[in-house]
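Morning, everyone. I have one model to show you today. Have a look at it first, then I'll talk.

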Amino acid sequence: MSPDTSDDSYDGGTAGGRRFAVAARRVGGAAVLSLTGELDHDTVEPLRTALAEQIAAGPERIVVDCAGLRFCDSTGLNALLRARAAAMEAAGGGIELTALQPPVARMFEITGAYAVFRIHADLDQALAGRPPE
């Protein structure tokens with residue numbers, strides 16, 4: 001694994017404090033976005049911003065690490081689906097997801113989004129290039 005070459009943070013907060021954050025970094029040729037907190041209508045903008053910036057930068061792989069994501073509603077799923085389409089159009093790449101926690105995995109199961117994304121058990125598996133389990 002190559003060392004990180006950059007590190008950016010995007011916060012999605014509410015008046016009561018930070019509920020969602022995105023940390024972006026490069027690992028080798030991949031952009032890694034680590035999500036933390038609750039992703040919903042009120043907090044989605046930092047994810048949209050981070051995804052748009054990474055797509056514009058042109059990495060072939062964007063890996064979204066969901067290990068710290070406790071909740072995702074349809075707004076968050078829609079942001080990921082739109083980014084996947086944009087990434088495929090821009091660079092022929094895509095969006096890969098890692099470490100879906102049970103509440104988030106349930107959303108992907110119910111909607112059928114499992115069939116659309118490459119989903120890895122964890123970030124190490126995704127970065128090692130091993131196929132999803």
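I'll go from the overall layout to one strand pair, then the cysteines, then a single alanine.

Keep in mind that this is a predicted model.

Layout first. The protein has 4 helices and 6 strands. Starting at the N terminus, the order is β-β-β-α-β-α-β-α-β-α. The chain has 133 residues, and 46% of them are buried. Now the contacts. Take those between residues at least 6 apart in sequence: 58% of them join residues at least 24 apart. The accessible surface is about 6600 Å². Carbon and sulfur atoms account for 49% of that surface.

Next, the strand pair. Look at β3, residues 30–39. How many of its 10 residues are buried? The count is 8, so β3 is largely enclosed by the rest of the structure. Its partner here is β4, residues 61–72. The two strands run in the parallel sense, paired over 9 bridges. One bridge to pick out joins leucine 39 to cysteine 72 in β4.

That residue takes us to the cysteines. How many disulfides are there? The count is 0. Cysteine 66 is in no disulfide, and the nearest cysteine sulfur, in cysteine 72, is 7.6 Å away. Why is there no bond from cysteine 72? Its closest cysteine sulfur is the one in cysteine 66, and 7.6 Å is too far for a bond. The cut-off used here is 2.5 Å between the sulfur atoms.

Are these two cysteines buried or exposed? Cysteine 66 has 1% relative accessibility, so it counts as buried. Cysteine 72 has 3%, so it is buried as well. The cut-off for buried is under 20%.

Last stop, alanine 99. Where does it sit? Alanine 99 is in the loop between β5, residues 94–98, and α3, residues 102–111. What draws attention is its backbone. The phi of alanine 99 is near 55°, a positive value in a residue other than glycine. As background, most residues other than glycine have a negative phi. Is alanine 99 buried or exposed? Its relative accessibility is 11%, so alanine 99 counts as buried.

To recap. β3 and β4 pair in the parallel sense. Cysteine 66 and cysteine 72 have sulfurs 7.6 Å apart, too far for a bond. And alanine 99 has a positive phi, in the loop between β5 and α3.

That's what I have. Over to you.

Note on methods: Residues numbered from 1 in each chain as written. Predicted model: local features only at pLDDT ≥ 70, side-chain atom pairs only at ≥ 80, totals over all residues. Heavy atoms only, no water. Buried < 20%, exposed > 50% of the residue type's maximum accessible area, 1.4 Å probe, protein only. Contact = heavy atoms within 4.5 Å. Areas by Shrake-Rupley, 256 points an atom, 1.4 Å probe, with all protein chains shown as cover. Pairing = 2+ DSSP bridges.
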